[in-house]
Amino acid sequence: MSKPCFWLRCETKEFERRAALTPTTARRLLDAGFEIFVERDEQRIFKDSEYEAVGCTLVANNSWPTAPTTATIIGLKELQVSTTPLPHTHIQFAHCYKNQAGWSAVLSRFHRGGGTLYDLEFLNDASGRRVAAFGFHAGYAGAAAGALALAAQQKGQALGHLEPFEDEAAMVATVRQSLGGSGKGIKALVIGALGRCGKGAVDLFRKIGVAEDDILKWDLDETAKGGPFDEIMGVDIFVNCIYLNSSIPPFMTREQSVAAGAKRRLAVVVDVSCDTTNPFNPLPIYNINTTFSEPTVAVDVGRPGNPHLSVISIDHLPTLLPREASEQFGQDLLPSLLDFPGSRVWADAKKLFHEKVAAAAAVEGM
């Protein structure tokens, strides 16, 4: 029996440079008998020639809609907004399983086209842990962006356009330089510190020189009492790294920031989790996703003289380290791809897809 065919689509999200399949993982799949098509993409961190060199078949940019329906389309970020039915099987982050804005319309496209969605966020092993995630690099990059924003604010400026870094060492060096050589004296709070994302944020703060005692590491025990938490007002940078799956009290509120007034030390909030349109968003102090071209949004704190407060809410932070993040994610995902589509991981993901489609049907009248 022949192996499935994977079709790596280009990413259409602005500034997205990561890839769901790297040349390294593509080679492993080819060696295992899979057929791999790769769309040409100048935006991707990996050159087309790198895929061609390992034996992939290159095809035209953004040509997946006309691919044979037997091909499984694999990508990272969500598809462009459209009402066109989707007849293919897709592997991607769809951001439509937690009632985000437009969730039911996305699922209706699959329903009408007869396609299937395997959401990368919900591929879990037998213990319920995700088989692959960008969490570490998301937290790492988020903490770096927060430190860069703080450095800019200390100079009376806003953080400018962000570009991907060559590697982690280059990122750390740039952040240190922006802070005058070290992060010494900065106080940071990471909520979700025991997870992949939180560990990445903590690691970055350590590497830029923030003292261990000045990195507050919170997780379930520290947040069990429920927010808002006044402790957030006493740090320079707050990084939210939780995985939200239910309603919780907000971690902080705009009213809390106003009441703190000039006593508030908090200058930058980095919402790595980016549950911006989630009805349970625990950071109801902003309502837009920021971008690499405009990485921060100011929070109106209501009174003249209040310290400046800004939010970073970029929903694809790992692309600041596109090669390293893609390689790590690809290696984690590879064992499941080699078992596609027959393993329990994929069966459970397909079952969840059908449950979500049924929920969308009630909303969309399908």
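Contact, in these notes, means heavy atoms within 4.5 Å. I'm looking at a predicted model, where local features need pLDDT of at least 70, side-chain atom pairs count only at pLDDT 80 or more, and totals for chains, interfaces and linings use all residues. I number residues from 1 along each chain as its sequence is written, and side-chain values use heavy atoms, with hydrogens and water left out.

**Entry 1: the annotated binding site**

I started with the UniProt record. Its unreviewed entry has a "binding site" annotation covering R129, G195, R196, D219, T223, Y243, V272, I314, D315, H316 and L317. These positions spread over 189 residues of sequence, and in space they reach up to 25.6 Å between C-alpha atoms. A caution to myself: UniProt positions are given in the numbering used here, feature names are shortened, and annotations may be inferred rather than shown by experiment.

I picked two of them to look up, Y243 and I314.

Where does Y243 lie? I found Y243 in the loop between β9 (237-240) and α8 (254-260). My helices (H or I, at least four residues) and strands (E, at least two) are DSSP runs, numbered from the N terminus. Leaving aside neighbours within four places in sequence, Y243 is in contact with K98, E121 and F122. With E121 there is also a polar contact, side chain to side chain, at 3.2 Å. By that I mean a pair of N or O atoms within 3.5 Å; within protein, one must be able to donate a hydrogen and the other to accept it, and residues adjacent in sequence count only if both atoms are side-chain atoms.

Buried or exposed? I use buried for under 20% relative accessible area, exposed for over 50% and partly exposed in between (1.4 Å probe, protein chains only). Y243 counts as partly exposed because its relative accessibility is 42%.

I314 sits in the loop between β12 (310-312) and α9 (322-338). Its relative accessibility is 1%, so I314 counts as buried. Neighbours within four places in sequence aside, I314 is in contact with L162, C274, T290, T291, F292 and P295.

**Entry 2: helix pairs**

Next I checked how some helices pass one another. Axes are lines fitted to C-alpha atoms, for helices over the stretch in contact, and angles run from 0 to 180 degrees between N-to-C directions. Angles under 35 degrees count as roughly parallel, over 145 as roughly antiparallel, 65 to 115 as roughly perpendicular and the rest as oblique. For handedness, a crossing is left-handed if the near helix is turned anticlockwise from the far one by less than a right angle, and right-handed if clockwise.

The axes of α3 (residues 103-113) and α10 (residues 344-364) come within 9 Å and cross at roughly 110°. I therefore noted α3 and α10 as roughly perpendicular to each other. Their crossing is left-handed. Among the residues making the contact are W103, L107 and F110 of α3 and F353, V357 and A360 of α10.

For α1 (residues 23-31) and α9, the axes come within 9 Å and cross at roughly 15°. That is why I have α1 and α9 down as roughly parallel to each other. α1 passes α9 in a right-handed crossing. T24, T25, R28 and L29 of α1 make the contact with E327, G330, Q331, L334, L337 and L338 of α9.

What angle do α4 (residues 135-154) and α6 (residues 196-207) make? About 40°, with their axes 6 Å apart. α4 is therefore oblique to α6. This crossing is right-handed as well. R196 of α6, including its place in the annotated binding site, takes part in this contact.

**Entry 3: three more residues**

D48 lies in helix α2 (residues 48-54). At 18% relative accessibility, D48 counts as buried. I found a polar atom of its side chain 3.1 Å from the backbone nitrogen of D41.

D332 is in helix α9 and is partly exposed, at 31% relative accessible area. The side chains of D332 and Q328 share a polar contact of 2.6 Å. D332 and R130 are 202 residues apart in sequence, yet 9.6 Å apart in space, C-alpha to C-alpha.

Last, N306: it lies in the loop between β11 (297-298) and β12. N306 is buried, with 14% relative accessible area. Not counting residues up to four places away in sequence, N306 touches S257, V258, G261, A262, R264 and V301.
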